[in-house]
Structure formats: C-alpha cells, structure tokens
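Biologist: Please take one part of this model and describe it closely, together with the parts around it. I should like a connected account rather than a list.

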Amino acid sequence: MKHLNIQVIGKVQGVYFRDTCKAVADQLGVKGFVTNNSDGSVYVEAEGDEFALESLIEFCHEGPDRAEVQSVLQTESTLKGFQNFEVLRKKK
C-alpha cells in the first residue's frame with residue numbers, strides 16, 4: 001500500500017474528469033478522493049497497491065473523452081487510511 005498526491009493539469013474541469021476518476025478508482029479498489037482546484041487543475045489523493053495506483057495514473061494521463069491532459073504531477077506521501085473514494089466539491 002502506498003499513498004500518492006496527484007495533480008492533473010490541462011482541460012480537466014467540466015469534462016466529467018472527477019466522476020470518471022471515481023469510477024476507475026472504484027474498479028481498481030483505490031481509496032481516497034478527487035477534487036477540482038481553483039487553478040483549473042484536478043487534485044487526487046489515492047491509496048492502493050502498486051498495480052492499482054499505476055493504472056489510476058495511466059487514466060490520469062488520458063482522462064475522459066473530452067479532457068485534454070497536459071501533465072500529471074505525482075508525489076508519494078504518508079498513508080491516511082481512506083475508507084472509500086469520494087468526489088469532493090472543495091479540496092480538503
């Protein structure tokens with residue numbers, strides 16, 4: 001298990017990025033949250049095994065159909081013990 005902080009930059013708001021990200025995370029068994037940042041990027045905190053997190057990162061590079069991802073930044077952080085994956089209106 002590890003914890004990643006992920007920032008997705010590009011045209012990633014208003015394209016169902018958060019909802020699609022939640023569907024992918026749920027399918028992979030990843031826990032955490034996704035939210036929009038005020039700068040137009042999307043922020044994700046995700047916890048899971050290596051394969052699940054790599055798969056989520058792959059999704060973040062593509063995004064849903066209408067997204068135009070320019071870059072994905074990720075850093076490893078301390079586990080927080082999330083119980084599920086949520087779409088948040090505001091960043092925690």
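Modeller: A residue is called buried here when its relative accessible area is under 20%, exposed when that value is over 50%, and partly exposed in between. The model is a predicted one, and the part I have chosen is helix α2, residues 50-62.

The helix has 13 residues and spans 19 Å from its first C-alpha to its last, close to the 18 Å expected at 1.5 Å a residue. At its start, the backbone nitrogen of Phe51 has a side-chain oxygen of Asp49 within 3.3 Å. At the other end, α2 is followed by Gly63, whose phi is positive, near 75 degrees.

Which residues of α2 are buried? They are Ala52, Leu53, Ser55, Leu56, Ile57, Phe59 and Cys60. An α-helix has 3.6 residues a turn, so residues three or four places apart point the same way. Ala52, Ser55, Leu56, Phe59 and Cys60 are among the buried residues of the helix, and they can be read with that periodicity in mind. The buried residues of α2 pack against four elements: strand β1 (2-11), helix α1 (17-28), strand β3 and strand β4 (68-77).

This packing leads to the nonpolar interior. The largest nonpolar core has 23 residues, and those with the most contacts inside it are Ile6, Val8, Phe17, Cys21, Val30, Val44 and Leu56. At least two residues of this core come from each of β1, α1, β3 and α2. The largest share, 6 residues, is supplied by α2. Leu56 appears in the list of buried residues of α2 and also among the core residues with the most contacts.

Val44 shows how the helix meets other parts of the chain. Setting aside its neighbours within four places in sequence, Val44 is in contact with Leu4, Asn5, Ile6, Cys21, Phe33, Val34, Leu56 and Phe85. Of these partners, Ile6, Cys21 and Leu56 are also named among the core residues with the most contacts.

The contribution of Phe59 can be followed through the aromatic pairs, of which there are 3. Phe17 and Phe59 form a tilted pair, with 5.2 Å between the ring centres and 45 degrees between the planes. This pair links distant parts of the chain, as Phe17 belongs to helix α1 and Phe59 to helix α2, 42 residues apart. Phe17 counts as buried because its relative accessible area is 1%. Phe59, at 11%, also counts as buried. A second tilted pair joins Phe33 and Tyr43, at 6.0 Å centre to centre and with 55 degrees between the planes. Since Phe33 lies in strand β2 and Tyr43 in strand β3, this pair ties together parts that are 10 residues apart in sequence. Phe33 and Tyr43 are buried, and with Phe82 they form one aromatic cluster.

Cys60 is a further buried residue of the helix. The structure holds 0 disulfides. Cys21 is in no disulfide, the nearest cysteine sulfur being that of Cys60, 4.9 Å away. A disulfide requires the two sulfur atoms to lie within 2.5 Å, and the 4.9 Å separation from Cys21 accordingly leaves Cys60 in no disulfide. Cys21 is buried because its relative accessibility is 0%. Cys60 is buried for a like reason, with a relative accessible area of 0%.

Strand β1, one of the elements against which the helix packs, also takes part in a polar arrangement. Gln7 lies in this strand and counts as partly exposed because its relative accessibility is 22%. Not counting residues up to four places away in sequence, Gln7 touches Asn37, Asp39, Ser41, Val42, Ser71, Val72 and Leu73. The side chains of Gln7 and Ser41 are joined by a polar contact of 3.0 Å, and those of Gln7 and Asp39 by one of 3.5 Å. A polar contact of 2.6 Å links the side chains of Ser41 and Asp39. Ser41 lies in the loop between β2 (31-36) and β3 (42-48) and is buried, since its relative accessible area is 2%. Beyond its neighbours within four places in sequence, Ser41 is in contact with Gln7, Val8, Ile9, Val12, Gln13, Thr35 and Asn36. Among these partners, Val8 is one of the core residues with the most contacts.

Technical notes:
Residues are numbered from 1 along each chain as its sequence is written. This is a predicted model: local features need pLDDT of at least 70, side-chain atom pairs count only at pLDDT 80 or more; totals for chains, interfaces and linings use all residues. Side-chain values use heavy atoms; hydrogens and water are left out. Buried means under 20% relative accessible area, exposed over 50%, partly exposed in between (1.4 Å probe, protein chains only). A polar contact is a pair of N or O atoms within 3.5 Å; within protein, one must be able to donate a hydrogen and the other to accept it, and residues adjacent in sequence count only if both atoms are side-chain atoms. Contact means heavy atoms within 4.5 Å. The expected span of a helix is 1.5 Å times one less than its number of residues. A nonpolar core is a set of buried Ala, Val, Leu, Ile, Met, Phe, Trp, Tyr and Cys residues joined through side-chain atoms within 4.5 Å. Rings of Phe, Tyr and Trp (its six-membered ring) pair if their centres lie within 6.5 Å; planes under 30 degrees apart count as stacked, over 60 as edge-to-face and the rest as tilted.
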